[in-house]
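Visitor: Please show me how to read the core and the charged pairs of a model such as this.

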Amino acid sequence: MIEFWLTNDPTASWENLATALDGISEIKKVQEMMDLGMKEGEDDLVDVVEEVIDAASKWRSIGLVLRVKVAELDTISSKDHTDPTECLKDMLLAWLQLRYDFTRFGLPSWKLLCQAISKPVLGYNPALAMKIAHNHYTISHVP
């Protein structure tokens, strides 16, 4: 079908095809975020922080598991925060603002957060992960 379009339509080009595919990608991204109940940016920051505040001391490990870029985590570390809660907030904001490879690791979601919290590298906290899952009704089982 694409070959037919490229061959028979005088306006057809690889650039137009790439633009169309980028548009589809953006639409899909928006649909996925709507389905997951998380918004890009600061809108969900307070809700997310409230859920993981007890794990604030592990903010960097959580950020690594959520695939926030190491350079971003280093920038947060270099700030003069005396309270790990502030580091946690900055890291979660970076995550919600998609400052990681979301095309490879998925968009921010309660499910991703639950999976991150339940990772052994973070001390394996399935109770907190299940609490988050229960509060947001997104998954029934955290691996």
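The dialogue takes the nonpolar core, then the salt bridges.

Guide: This is a predicted model, where local features need pLDDT of at least 70, side-chain atom pairs count only at pLDDT 80 or more, and totals for chains, interfaces and linings use all residues. Residues are numbered from 1 along each chain as its sequence is written, and side-chain values use heavy atoms, with hydrogens and water left out.

Visitor: Which residues have the most contacts inside the largest nonpolar core?

Guide: In soluble globular proteins, nonpolar side chains tend to be buried together. A nonpolar core is a set of buried Ala, Val, Leu, Ile, Met, Phe, Trp, Tyr and Cys residues joined through side-chain atoms within 4.5 Å; buried means under 20% relative accessible area, exposed over 50%, partly exposed in between (1.4 Å probe, protein chains only). Here the largest core has 32 residues, and Leu 66, Met 91, Leu 92 and Leu 113 have the most contacts inside it.

Visitor: Which residues form a salt bridge with Arg 60 and with Asp 90?

Guide: Side chains of opposite charge can pair when their charged atoms come close. The criterion for a salt bridge is a side-chain nitrogen of Lys or Arg within 4 Å of a carboxyl oxygen of Asp or Glu. The structure holds 4 of them. Arg 60 pairs with Asp 74 at 2.6 Å, N to O. Asp 90 pairs with Lys 79, with the closest N and O atoms 3.3 Å apart.

Visitor: Is Asp 90 buried or exposed?

Guide: Asp 90 counts as buried, at 18% relative accessibility. Its partner Lys 79 is partly exposed, at 42%.
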